[in-house]
Amino acid sequence: PSSVIELFELELTVGLHIPSGNPDNLDTVFRFHAGANLNNFGQVVFNGNSYQRVAVKVEGFEDTSKGAIPRPTLTFSNLGGITKDTTVMTMTDFLNIVNKVTPGNDLLNAKVTRLMPLASALDNANFVGDNPFGTPSTDRLQDRIYFIDRKAVENRQIVQFELVSVLDMQNKKIPARIVTRELFPSAGTFF
């Protein structure tokens, strides 16, 4: 067994967070982690993708079988650290870019995926020499998908976002697909 590594992907939507058609060919997925690589305090490489180190605190990811669905928070340092096209910027600068497309959006409905691979699954690039655990495995815990529901705090020091699961999003109905007898022959039949 090896350690669980916590990685995140922030996926932006073209037309909502990035201009329609993506004329500047901007990245739509930002990959980051809150810790340190085993070799240095830089990037972690997983499945060929680089995850940059960002000063972020994550809280509220808990699995429970009763009570309310968790609403985790991501709290980013607003003192810089987000690298975009070799430029280091603050989270407020990043939000200003997003808000040029949709004023006041503040990353609402951006998809946040929490990946939790084991250290043994990391690429060889993370280690001096080869992976001490052997060939990178596919061992990982289940990915968790959330969406940014609101910006809770923004000041000179931090920017905090509250996340929701797809089951807890506003204006979403379950099921999103209407059940009809044509699509589901057993609908409406009870024994």
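These legends accompany a set of close-up views of a predicted model.

**View 1. The whole chain, with one helix and 11 strands.** Before zooming in, here is the overall layout: the secondary structure of the protein chain comes to one helix and 11 strands. Along the sequence, these elements follow the pattern β-β-β-β-β-β-β-β-α-β-β-β. The protein chain has 191 residues, and buried residues make up 35% of them. If you take the contacts with a separation of 6 or more, 56% come from residues 24 or more positions apart.

**View 2. The largest nonpolar core and the residues at its heart of contacts, Leu10, Phe94 and Leu107.** This core has 25 residues, and Leu10, Phe94 and Leu107 touch the most other members. At least two core residues come from each of strand S1 (7-11), strand S2 (29-33), strand S6 (73-77), helix H1 (91-101), strand S10 (140-154) and strand S11 (158-164). Helix H1 gives the most, with four residues. Another core lies apart from this one; it has eight residues, among them Leu7, Phe46, Leu122 and Phe127.

**View 3. Phe94 and its edge-to-face partner, Phe30.** Phe94 counts as buried, with a relative accessibility of 4%. Leaving out residues up to four places away in sequence, Phe94 touches Leu10, Leu12, Phe30, Ile82, Met89 and Leu107. Look at the two rings of Phe30 and Phe94: their centres are 5.1 Å apart and their planes stand at 85 degrees, so the pair is edge-to-face. The partners come from distant parts of the chain, with Phe30 in strand S2 and Phe94 in helix H1, 64 residues apart. Phe30 is buried too, because its relative accessible area of 11% falls under the 20% limit.

**View 4. Phe8 and Phe61, a tilted aromatic pair.** The structure holds six aromatic pairs. In the pair formed by Phe8 and Phe61, the distance is 6.1 Å centre to centre, with 35 degrees between the planes, and the pair is tilted. This pair also links distant parts of the chain: Phe8 sits in strand S1, while Phe61 sits in the loop between strand S5 (56-59) and S6, 53 residues apart. Both Phe8 and Phe61 are buried. Ring pairs join these two with Phe32, Phe76, Tyr146 and Phe161 into a cluster. You will also find Arg114 over the face of Phe61, at 4.3 Å from the ring centre.

**View 5. Ile82 in strand S7.** Strand S7 covers residues 82-84, and Ile82 is part of it. With a relative accessible area of 8%, Ile82 is buried. Not counting residues up to four places away in sequence, Ile82 touches Gln52, Thr87, Val88, Met89, Thr90, Met91 and Phe94. Ile82 and Phe32 are 50 residues apart along the chain, and their C-alpha atoms are separated by 9.1 Å.

**View 6. The largest cavity and its lining.** How many cavities of 30 Å³ or more are there? The count comes to two. The largest cavity has a volume of about 80 Å³. Its lining is made up of Leu10, Phe30, Phe32, Gln52, Val54, Phe76, Ile82, Met91 and Phe94. S2 and H1 each supply at least two residues of this lining. Some of these residues will be familiar from the earlier views, including Phe30, Ile82 and Phe94.

**View 7. Thr73 in strand S6.** Is Thr73 buried or exposed? At 15% relative accessibility, Thr73 counts as buried. Beyond residues up to four places away in sequence, Thr73 touches Lys57, Val58, Glu59, Gln160, Phe161 and Glu162. One of these, Phe161, also belongs to the ring cluster of View 4.

**View 8. Ser3, in the segment before S1.** Ser3 is partly exposed, with a relative accessible area of 47%. Which residues is Ser3 in contact with, leaving aside its neighbours within four places in sequence? They are Pro117, Leu118 and Ala119. Ser3 and Leu118 are 115 residues apart in sequence, yet the distance in space is 5.5 Å, C-alpha to C-alpha.

How values were computed
Residues numbered from 1 in each chain as written. Predicted model: local features only at pLDDT ≥ 70, side-chain atom pairs only at ≥ 80, totals over all residues. Heavy atoms only, no water. Buried < 20%, exposed > 50% of the residue type's maximum accessible area, 1.4 Å probe, protein only. Contact = heavy atoms within 4.5 Å. Core = buried A, V, L, I, M, F, W, Y, C linked by side-chain atoms within 4.5 Å. Phe/Tyr/Trp six-rings, centres within 6.5 Å; stacked < 30°, edge-to-face > 60°. Lys NZ or Arg CZ within 6 Å of the ring centre and 35° of its normal. 1 Å grid on protein atoms, 1.4 Å probe; cavity = no way out; pocket = protein on both sides within 12 Å on 5 of 7 lines; lining within 4 Å. Points joined across faces, edges and corners; volume = space filled by probe spheres on them.
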